[in-house]
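Okay, thanks for coming, everyone. I'll put the structure up and then walk you through it.

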Amino acid sequence: MLILFDIDGTLLRTQRMGVLAVGDAGRELFGAEFREDLVDYAGGLDPVLFRKVLTAHDLPCETAHIDQLRAAYGRHLQRRLATPGKTHALPGVAELIDALRPHQHITLGLLTGNFPETGAAKIAAAGLNIEHFHVRVWGCDSPHEAALREHLPPVAVERYRDLRGADLDFAHITIIGDTIHDVRCAKAHGCRALAVATGGHDRALLEASGADLVADDLSDTEVILEWLINAAPVGAVATKTEPRP
Ligand SMILES: [Mg+2]
């Protein structure tokens, strides 16, 4: 069994440090008029978001320009993440990871729109340990030209196979995320989706998205753990984490 966590709004909150760092990087490279608020970042893949934000400024977005923005973004993000008290693991996250780790048949992983270096920086800033996530799939890992989040679960299966030497059915993957894009990416492959209303999208939107379970947050460790491990049927969860009707 593989459990894949999204990062922003799911494992942690950076108080928009990522978005602000895109603005810092853009202004450094392209001038004071650059604005970071022209695109919707929720659930997106960083290389795609960078292309969108460059296009919104009529700037060229060839790979070289994306790489340039990525490098500057990484520097500004590191600086912003160093501000004490701004980046936090979300409620219940550390406890849930600790509760899952002893289960030998469960592999923990990441499926995120972040680049590897900036995703790792956010995880460290939140006081979490990236070494607990053995399968890591990043925003730049789509093998297709027009990258989509939906391209990432098959990459996770490949990495799982490399790690464990065994095949994994999509039905044995759970994707945990804070946006409808996380849910769609899971459902596109028949993975289970646990949507958590701690980030980009509110509970009503997540409930309408087809998630198998919607939780206000991950703080009810026992209930979430039970659902994750036993694929609890609808109705077997507590009031705080209402299943989809
Ligand atoms: Mg997210």
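**A walk through the model**

Let me start with one residue: D37 has 13 C-beta neighbours inside 10 Å, so D37 counts as partly exposed. The rule there is that 20 or more other C-beta atoms within 10 Å of a residue's own makes it buried, 12 or fewer makes it exposed, and anything in between is partly exposed, with C-beta atoms placed from the backbone. D37 sits in the loop between α1 and α2. From D37 to L20 the C-alpha distance is 8.8 Å, with their positions 17 residues apart in sequence.

A word on what you're looking at: this is a predicted model, so to speak of a local feature we need pLDDT of at least 70, side-chain atom pairs count only at pLDDT 80 or more, and totals for chains, interfaces and linings use all residues. Numbering runs from 1 along each chain as its sequence is written.

Next door to that loop is helix α2, residues 46–56. Helices here are DSSP runs of H or I with at least four residues, strands are runs of E with at least two, and both are numbered from the N terminus. The buried residues of α2 are D46, P47, L49, F50, R51, V53 and L54, and they pack against α1 (17–30) and α3 (63–81). After α2 comes D58, with a positive phi near 55 degrees.

Now zoom out. An automatic or database domain assignment supplies the bounds: domain 1 is 2–13 + 88–241, and domain 2 is 17–81. Their C-alpha centres are 25 Å apart. How many residues of each domain are in contact with the other? It's 19 from domain 1 and 14 from domain 2, where contact means C-beta atoms, placed from the backbone, within 7 Å. On the domain 1 side, α5 (116–125) and α7 (180–187) are the elements giving two or more residues, and α5 has the largest share, with five.

On to the sheet. Six strands make an open, parallel sheet in the order β5-β4-β1-β6-β7-β8; two strands pair if DSSP finds at least two bridges between them. Why do β5 (135–137) and β8 (213–215) each have one side without a neighbour in the sheet? Because they stand at the edges, each with a single partner strand. Between neighbouring strands the average turn is 20 degrees, direction ignored. Those axes are lines fitted to C-alpha atoms, for helices over the stretch in contact, and angles go from 0 to 180 degrees between N-to-C directions.

Inside the sheet, β1 (residues 2–5) pairs with β6 (residues 173–177) over four bridges, in the parallel sense. L4 has I175 as its bridge partner in β6. Packing on the sheet is α7, which touches β6 and β7 (192–196) and makes about 175 degrees with the direction of β7.

L4 and I175 come back in the largest nonpolar core, which has 44 residues; they are among those touching the most other members, as are A156, A193, L194, A195 and A211. By core I mean buried Ala, Val, Leu, Ile, Met, Phe, Trp, Tyr and Cys residues joined through C-beta atoms within 7 Å. A second, separate core of 16 residues includes V22, A25, A125 and A147.

Last stop: F170, in the loop between α6 (152–164) and β6. Leaving out residues up to four places away in sequence, F170 touches P153, H189, G190 and C191. F170 has 17 other C-beta atoms within 10 Å, so F170 is partly exposed.

How values were computed:
Contact = placed C-beta atoms within 7 Å.
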